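Please take a moment to turn the structure around before reading on, and keep the sequence at hand so that each residue can be found as it is named.

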Amino acid sequence: MAWLLAIMAFLACAAQYVRAMRQHHLLHSLPPHPITPVTGACTVVIFVTILIVARSHGWPVRLASAAVGAMAAPMVFEFPFDLIVMARTYPPIPPDPAMYRVLFFAPLFLVEFATLSFLTFAPMVRLTRATVFSFALMLAVFAAWALSGFAFPATPGPFAFNVLSKILAFTTALTLFLPQPSEASTSPPAAVPEPGASQPAQLPGRIA
């Protein structure tokens with residue numbers, strides 16, 4: 001319910017944001033986003049991959065895990081990304097530009113946080129070293145991207161940084177759903193008597 005309310009709040013606030021931009025002749029049409037096909041393709045790939053790796057579970061668990069993974073994976077990228085770019089946006093909308101920044105990002109963060117919280121309900125989710133390593137690589141790409149000013153992916157350089165970090169974000173989410181190898185048993189093997197060795201006598205009514 002909180003997730004649905006957050007989405008409704010974001011849609012309402014985003015509509016008001018766009019309406020204000022158009023009223024002040026600051027926006028005539030929404031700009032194209034070249035990363036959308038990449039995000040869509042990665043979403044399909046992680047959904048299908050989780051369905052395959054979860055074949056040892058029943059269909060309800062497989063479908064729920066695949067849906068949660070497909071929804072949460074983009075938020076692994078968007079949550080830290082929006083925290084970075086929020087301070088770099090300056091909507092020139094009177095009377096208070098900062099108010100419109102909050103109007104857009106506050107409900108957006110609620111949506112992202114609520115979507116990531118679904119991971120706590122997925123029975124397959126396990127935090128591993130691969131997860132931490134993949135997320136660290138994504139942050140390293142963010143750092144390299146920051147050296148170029150975190151520009152919009154309209155040129156090859158920022159586009160490559162955006163695509164690479166997006167793929168690493170989906171990889172991070174996927175590692176949460178990979179099956180874990182069974183731990184090897186550390187108990188010593190049972191002693192096997194040598195051929196011809198005498199066995200202790202078993203007395204009736206007593207435990208040997």
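The paragraphs below go from the whole chain to its cores, its aromatic rings and a few single residues.

The model shown here is a predicted one. Its secondary structure consists of six helices and zero strands, and reading along the sequence gives the pattern α-α-α-α-α-α. The chain has 208 residues, of which 33% count as buried. Its accessible surface comes to about 13200 Å², and 73% of that surface belongs to carbon and sulfur atoms. If one takes the contacts in the chain with a separation of 6 or more, 75% of them are between residues 24 or more positions apart.

A general tendency helps with the next step: in soluble globular proteins, nonpolar side chains tend to be buried together. In this model, the largest nonpolar core has 32 residues, and those with the most contacts inside it are Ile 46, Phe 81, Leu 119, Phe 142 and Phe 177. Helix H2 (36-53), H3, helix H5 (129-147) and H6 each supply at least two residues of this core, and H3 gives the most, with nine residues. There is also a second, separate core of seven residues, which includes Ala 6, Phe 105, Phe 109 and Val 111.

What does Phe 142 touch, if residues up to four places away in sequence are not counted? Phe 142 touches Phe 77, Pro 80, Phe 81, Ile 84, Phe 150 and Ser 165. One of these partners, Phe 77, has its place in helix H3, and it counts as buried because its relative accessible area is 2%, where the limit for a buried residue is under 20%. Phe 77 and Phe 142 are 65 residues apart along the chain, while their C-alpha atoms are separated by 9.9 Å. Beyond its neighbours up to four places away in sequence, Phe 77 touches Met 138, Phe 142, Trp 145, Asn 162, Ser 165, Lys 166 and Ala 169. With Lys 166 there is a further detail to look for, since the charged end of Lys 166 sits over the ring of Phe 77, 4.7 Å from its centre. Another arrangement of this kind can be found where Arg 62 lies over the face of Trp 59, at 4.2 Å from the ring centre.

The aromatic rings deserve a closer look.

A search of the whole structure finds 15 aromatic pairs. Among them is the pair of Tyr 17 and Tyr 100, which is edge-to-face, with 6.3 Å from centre to centre and 70 degrees between the planes. Because Tyr 17 lies in helix H1 (residues 2-23) and Tyr 100 in helix H4 (residues 97-117), this pair ties together parts that are 83 residues apart in sequence. Tyr 17 counts as buried at 18% relative accessibility, and Tyr 100 is buried as well, with a relative accessible area of 9%.

Phe 79 and Phe 109 also form an edge-to-face pair, 5.8 Å centre to centre and with 75 degrees between the planes. This pair links distant parts of the chain, with Phe 79 in helix H3 (residues 59-85) and Phe 109 in helix H4, 30 residues apart. Are these two residues buried or partly exposed? Phe 79 is partly exposed, with a relative accessible area of 26%, whereas Phe 109 counts as buried at 16%. Both pairs belong to one aromatic cluster, which is formed by Phe 10, Tyr 17, Phe 79, Tyr 100, Phe 104, Phe 105 and Phe 109.

Two further residues show where polar and charged side chains can be placed.

Asp 82 is found in helix H3 and counts as buried, at 6% relative accessibility. Leaving aside its neighbours within four places in sequence, Asp 82 is in contact with Phe 105, Leu 108, Phe 109 and Glu 112. Asp 82 and Glu 112 are 30 residues apart in sequence, and in space they are 9.9 Å apart, C-alpha to C-alpha.

Thr 175 has its place in helix H6 (residues 156-175), and at 7% relative accessibility it counts as buried. The side chain of Thr 175 reaches the backbone oxygen of Thr 172 at 2.6 Å. Apart from neighbours within four places in sequence, Thr 175 is in contact with Arg 126, Thr 128, Ala 130, Thr 131 and Ser 134.

Conventions. Residues are numbered from 1 along each chain as its sequence is written. This is a predicted model: local features need pLDDT of at least 70, side-chain atom pairs count only at pLDDT 80 or more; totals for chains, interfaces and linings use all residues. Side-chain values use heavy atoms; hydrogens and water are left out. Helices (H or I, at least four residues) and strands (E, at least two) are DSSP runs, numbered from the N terminus. Buried means under 20% relative accessible area, exposed over 50%, partly exposed in between (1.4 Å probe, protein chains only). A polar contact is a pair of N or O atoms within 3.5 Å; within protein, one must be able to donate a hydrogen and the other to accept it, and residues adjacent in sequence count only if both atoms are side-chain atoms. Contact means heavy atoms within 4.5 Å. Rings of Phe, Tyr and Trp (its six-membered ring) pair if their centres lie within 6.5 Å; planes under 30 degrees apart count as stacked, over 60 as edge-to-face and the rest as tilted. A charge sits over a ring if NZ of Lys or CZ of Arg is within 6 Å of the ring centre and within 35 degrees of the ring normal. Accessible areas come from the Shrake-Rupley method with a 1.4 Å probe; for residues, only the protein chains shown count as cover. A nonpolar core is a set of buried Ala, Val, Leu, Ile, Met, Phe, Trp, Tyr and Cys residues joined through side-chain atoms within 4.5 Å.
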